[in-house]
Amino acid sequence: MPKIRLEIVTADRLIYSEDVDSFIAPGISGELGILPEHANLVTILDTGVLTIVKDGEEDYMAIAGGYMEVQPTHAVILADAAERDSDIDLDRAEAARARAEEAAKNTTNIDSQLAAEAALKRSLVRIKVAKRRTNRTRKPPTQSAG
Ligand code: ATP
């Protein structure tokens, strides 16, 4: 089965570099499903969830906006921030959400309002991704005998 190499980098490090089956990226105007042999594409990414399918298994990452360049065999995501589900500190994300909600309520300055909304969006995406990890690792319910 053909694969596409997916690299995710931030300003200071390489976060991910694997040959994957496909992935779904949070494009600025909607989700973008990318398969091997995709046409060349350069686009802006929104803050959102990146879903990666590798060897038939799904993984999730939180992406805090950035750029994506796709070629038929290779894709690069240059993200402002990116965390694998296992690297997300859920308590920190919950605290960031509370701070951002408070800041959004208490400011009338448009720049501060926009910054609070962006911080809120980042925190909500991190919470969503961290909870998907929790759901995936939770044991299936045991069936009762009768
Ligand atoms: P906070 O207010 O908690 O710092 P933030 O949205 O301001 O959140 P960013 O500026 O987007 O944080 O990210 C700064 C760095 O911290 C990045 O390297 C990012 O990957 C990391 N980071 C942010 N929040 C979390 C989290 N909840 N768990 C793990 N890493 C995080």
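**Close-up views of a predicted model**

**View 1. Ser22 faces strand 5.** Ser22 stands opposite Val53 in strand 5. The strands holding them are strand 3, residues 22-27, and strand 5, residues 41-54. They run antiparallel and are joined by four bridges. Strands pair if DSSP finds at least two bridges between them. Strands (E, at least two residues) and helices (H or I, at least four) are DSSP runs, numbered from the N terminus. This is a predicted model: local features need pLDDT of at least 70, side-chain atom pairs count only at pLDDT 80 or more, and totals for chains, interfaces and linings use all residues. Residues are numbered from 1 along each chain as its sequence is written, and side-chain values use heavy atoms, with hydrogens and water left out.

**View 2. Strand 5 and strand 6 form a hairpin.** Strand 6 spans residues 57-71. Its pairing with strand 5 is antiparallel, over 13 bridges. Val42 stands opposite Glu69 in strand 6. Two residues lie between the strands. Asp55, in the turn, has a positive phi of about 50°. In a regular strand, side chains alternate between the two faces of the sheet.

**View 3. Strand 1 and strand 2 form another hairpin.** Here four residues lie between the strands. Strand 1 covers residues 4-9 and strand 2 covers residues 14-20. Six bridges join this antiparallel pair. Ile8 stands opposite Tyr16 in strand 2.

**View 4. Polar contacts hold three residues against the ligand's N and O atoms.** A polar contact is a pair of N or O atoms within 3.5 Å; within protein, one must be able to donate a hydrogen and the other to accept it, and residues adjacent in sequence count only if both atoms are side-chain atoms. A backbone N or O atom of Asp89 lies 2.9 Å from a ligand nitrogen atom. Arg99 places a polar side-chain atom 2.6 Å from a ligand oxygen atom. For Arg126, an N or O atom of the side chain is 2.9 Å from an oxygen atom of the ligand. The ligand alone exposes 590 Å², and the protein buries 63% of that (Shrake-Rupley method, 1.4 Å probe).

**View 5. Eleven residues are not all alike around the ligand: four are nonpolar and seven charged.** The shell counts residues with a heavy atom within 4 Å. Among them are Ala81, Glu83, Ile88, Arg92 and Arg122. No polar residue belongs to the shell. Ala and Ile count among the nonpolar types; Asp, Glu, Lys and Arg count as charged. Helix 1 gives the largest share, four residues. Helix 1 (90-106) and helix 2 (110-137) are the elements that give two or more residues.

**View 6. The whole chain has two helices and eight strands.** From the N terminus, the order is β-β-β-β-β-β-β-β-α-α. The C-alpha atoms fill a box of roughly 55 × 55 × 25 Å along the principal axes.
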